[in-house]
Amino acid sequence: MIISTILLILAISIFIIHISIPTFYYRYMLSNSKCNLKNNEDLDLDNYPLVSIIIPTYNEEKTIEEKIKDILRQDYEKDKMEIIVVDSASNDNTVNIAKKLNVKVFQQSERRGKANALNYALKNVNGDIVIITDADSSWETLDTIKKAVIYLKKFGGVTCIKKVRNNSIESTYRDLYNVLRLGESCIYSTPIAHGEFLAFRRGLIESFNEEIGADDSSSSHEISLKGERFVAVNDIICSELVPKEGYIHWRIRRAKHLIQHFSRAIRDINKVKDKGYKKILIIEYYIHLINPWLLIIALSLDLISSFLGNIISLFLIFAFFISLLSSQIRTWVIMQFLLAISQIKNFFNKEIVWKKEKK
Ligand code: GDP
Ligand code: MN
């Protein structure tokens, strides 16, 4: 009886910590997220900078044509846009399609991962501004490049916020994530960036870290370490294709990449000068690597306690399952389990080169 009560109290305490830290963080970021990051400056039309847009591809025959056409529709001087497709030995028609559309195509003879391909392209760009964008993504407005160029007068790097169309878990998760990204950007920088749209001033990134799957996020961190801000902005919106099959595997791979990123980034904590960004990095590390385990520990303790005959514990387990009817709670719980599983799976395979999901 005493043991089960102690276990129950422990379970409840750990659960409260698990919930309250992210909740406070979310509330705090929500209250910060509405700042105005815009410059009042407009773009001097005679002085458009050359923008190099890099599209990394591996077997993107279904998306590459629309992607390139979509970029060409952008309201930006065409001769100030350099579009580069960097392909890593696709075994489909990607390269032929890209070549027909008159863009620069760099071909790697073997596949060594996205970051490796980006590095190859980065060495050969001419633009003052570089934009990285995944083939399976799109930008919501025609003035996306223009807006980014204006933001980059003030910040080192810019990323989009994400919209999801066809998946309810993903879209609940995104709503939460976008608020965090915007709030962090208002404070200083966000440590998470999106491959769908990542723009920076050339020179701020010499190369992408090839040991980390999250090439996008690790470059945002690198820019912040150099003392320049890296921001997500609410008027650059992008979307991507969410896999129709293998959603869970896809989420785990992405979570693995983020965990690799935060495990690496936290080692730089003493090099970070901005106090706000330092806190952001510590809390994001905590939320991605430590907090998920608290939920698992709390549930396990409560389960043991209910096996030992504690009625309250048993009731709490039921209450927990009933709470899963709420889509927000369900998404949260699923994400916690995926983060924990991803951490373990990272020990076996980092998936720097990954299998393409059906989208
Ligand atoms: P997800 O967005 O995390 O699902 O990752 P994707 O599979 O969509 O990959 C993001 C972008 O990187 C897409 O444009 C892919 O074609 C591209 N990509 C993935 N792996 C490689 C690679 O090994 N080499 C190159 N060049 N591009 C890659
Ligand atoms: Mn993608």
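**Helical spans, a buried central strand and a covered ligand**

Residues 6-28 are 100% helix and 0% strand, and the end C-alpha atoms of this span are 33 Å apart. The model is a predicted one. Residues 6-28 carry the UniProt feature "transmembrane region", taken from an unreviewed entry. The same feature is placed at residues 280-301 and 307-325. Residues 280-301 are likewise 100% helix and 0% strand. Their end C-alpha atoms lie 30 Å apart.

Helix 9 spans residues 275-307 and contains Lys 278. The relative accessible area of Lys 278 is 28%, so this residue is partly exposed; the class runs from 20% to 50%. Asp 268 lies ten residues from Lys 278 along the chain, and the two C-alpha atoms are 9.5 Å apart. Helix 11 covers residues 327-345 and includes Thr 331. Thr 331 has a relative accessibility of 6% and therefore counts as buried, the cut-off being under 20%. Its side chain makes a contact within the helix: the side chain of Thr 331 comes to 2.8 Å from the backbone oxygen of Ser 327.

A second UniProt annotation, also from an unreviewed entry, reads "domain: Glycosyltransferase 2-like" and covers residues 52-205. In the model this span is 34% helix and 24% strand. The C-alpha atoms at the two ends of residues 52-205 are 14 Å apart.

Strand 2 consists of residues 81-88. Eight of its eight residues are buried, so strand 2 is largely enclosed by the rest of the structure. Side chains in a regular strand alternate between the two faces of the sheet. In strand 2, Met 81, Ile 83, Val 85 and Asp 87 point one way. Glu 82, Ile 84, Val 86 and Ser 88 point the other way. Both sets are buried.

Strand 2 has pairing partners in strand 1 and strand 3. Strand 1, residues 51-57, pairs with strand 2 in the parallel sense over seven bridges. Within this pairing, Ile 53 stands opposite Ile 83. Strand 3, residues 104-108, also pairs with strand 2 in the parallel sense, over five bridges. Here Asp 87 has Gln 107 of strand 3 as its bridge partner.

Helices link these strands. Strand 1, helix 2 (residues 64-72) and strand 2 form a right-handed β-α-β unit. Another right-handed β-α-β unit is built from strand 2, helix 3 (residues 94-100) and strand 3. Strand 2 thus belongs to both units.

Ligand 1 is surrounded by 20 residues. The closest are Pro 56, Glu 60, Ser 88, Trp 250 and Arg 253. Ser 88 is also one of the buried residues of strand 2. Val 86, on the same side of strand 2 as Ser 88, places a backbone N or O atom 3.0 Å from a nitrogen atom of ligand 1. Oxygen atoms of the ligand have polar neighbours too. A backbone N or O atom of Gly 113 lies 3.4 Å from an oxygen atom of ligand 1. A polar side-chain atom of Asp 136 lies 3.0 Å from an oxygen atom of ligand 1. On its own, ligand 1 has 570 Å² of accessible area, and the protein covers 97% of that area.

Methods
Residues numbered from 1 in each chain as written. Chains lettered and ligands numbered in written order. Predicted model: local features only at pLDDT ≥ 70, side-chain atom pairs only at ≥ 80, totals over all residues. Heavy atoms only, no water. Buried < 20%, exposed > 50% of the residue type's maximum accessible area, 1.4 Å probe, protein only. Helix = DSSP H or I, 4+ residues; strand = E, 2+ residues; numbered from the N terminus. Pairing = 2+ DSSP bridges. Right-handed = clockwise from strand over helix to strand, strands pointing away. Near = heavy atom within 4 Å. Polar contact = N/O pair within 3.5 Å; in protein donor to acceptor, adjacent residues only side chain to side chain. Areas by Shrake-Rupley, 256 points an atom, 1.4 Å probe, with all protein chains shown as cover. UniProt positions renumbered as here; feature names shortened; annotations may be inferred.
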